[in-house]
Amino acid sequence: MSSNETATHKGQCFCGTVKIEVSGAPMRMGYCHCVDCRAWAAAPVNGFTLWEPSQVTVTEGEDDLSTFAKTPGSLRKFCRKCGGHVMSEHPAGPYIDVYSSVLPSLDFQPSFHVFHGESVLDIADELPRFKDLPEEAGGSGEMVG
Ligand SMILES: [Zn+2]
Ligand SMILES: [Zn+2]
C-alpha cells in the first residue's frame with residue numbers, strides 16, 4: 001500500500017470558514033475543459049480530483065457550504081461567506097470532484113483531459129484528450145488531437 005492510499009489531505013474555501021478533509025487516493029485526476037467548469041471557475045480549465053463520497057468529510061463550516069445546481073448532475077458547492085468554490089457532487093456516480101487547487105498537499109497527477117472539444121487552452125502534454133467523456137463515464141469515448 002503506497003502512502004497515497006492512507007494519506008489525508010485538508011482543504012478549505014477562500015476565507016477558511018469551510019474546511020474539508022479527504023482520505024486515501026482519488027479515483028481519477030484530470031483536466032476538465034467544459035464551458036460550465038470554465039464559467040464556474042472563472043478559469044480556462046478545471047483541475048479535478050474524483051473521490052467516493054465516503055472519502056470526503058466537511059470538518060468545519062458545513063452551515064456555510066451552499067449548493068448551486070445549474071444542471072441536476074453537478075451540485076456545485078461554495079462558501080456563502082467568501083464565494084470560494086470547494087467541490088462538486090455528482091450524484092449519478094456517485095462521486096465528488098474536489099477541485100485540485102483546494103487540496104494543496106495532494107500530488108496532482110492528471111491522467112487525461114475531458115471535454116477537450118470545448119477547450120480554449122491547449123496544455124502541452126501527451127495525455128489522452130477526450131472530446132467529451134470516456135465511454136465508462138457516459139460519454140462518446142471519442143478522442144481529439
Ligand atoms: Zn469561505
Ligand atoms: Zn467540466
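Which residues coordinate the zinc ion (ligand 1)?

## The first zinc site

In this predicted model, the zinc ion (ligand 1) is held by the SG atoms of Cys 13, Cys 15, Cys 79 and Cys 82, which coordinate it at 2.3 to 2.4 Å. Along the sequence, these donor residues follow the spacing C-x1-C-x63-C-x2-C.

The arrangement around the zinc ion (ligand 1) is tetrahedral because its four donor atoms subtend angles of 106 to 114°. For comparison, the ideal angle for four tetrahedral donors is 109.5 degrees. Two of the donor residues can also be described by their accessibility: Cys 13 has 4% relative accessibility and therefore counts as buried, whereas Cys 15, at 41%, counts as partly exposed.

## The second zinc site

The zinc ion (ligand 2) has as its protein donors the SG atoms of Cys 32, Cys 34 and Cys 37, which lie 2.2 to 2.3 Å from the ion. In sequence, the donor residues of this zinc ion (ligand 2) are spaced C-x1-C-x2-C.

Among these donors, Cys 34 counts as buried because its relative accessibility is 11%, and Cys 37 likewise counts as buried, at 10% relative accessibility.

## The sheet

The model also contains an open sheet of three strands, in the order 1-2-5, whose pairing is antiparallel. Strand 1 (8-12) and strand 5 (56-60) are the edge strands, since each of them pairs on one side only. From one strand to the next, the twist averages 25°.

Strand 1 and strand 2 (residues 19-23) run antiparallel and are joined by five bridges. Within this pairing, His 9 stands opposite Val 22, a residue of strand 2.

Terms used
Residues are numbered from 1 along each chain as its sequence is written. Chains are lettered from A and ligands numbered from 1 in the order in which they are written. This is a predicted model: local features need pLDDT of at least 70, side-chain atom pairs count only at pLDDT 80 or more; totals for chains, interfaces and linings use all residues. Side-chain values use heavy atoms; hydrogens and water are left out. Donors are N, O and S atoms within 2.8 Å of the metal (3.2 Å for Na, K and Ca); water is not among the atoms, so sites may look incomplete. Four donors count as tetrahedral if all angles lie between 85 and 135 degrees; four count as square planar and six as octahedral if opposite donors are over 155 degrees apart and all others between 65 and 115; anything else is irregular. Buried means under 20% relative accessible area, exposed over 50%, partly exposed in between (1.4 Å probe, protein chains only). Two strands pair if DSSP finds at least two bridges between them. Helices (H or I, at least four residues) and strands (E, at least two) are DSSP runs, numbered from the N terminus. Axes are lines fitted to C-alpha atoms, for helices over the stretch in contact, and angles run from 0 to 180 degrees between N-to-C directions.
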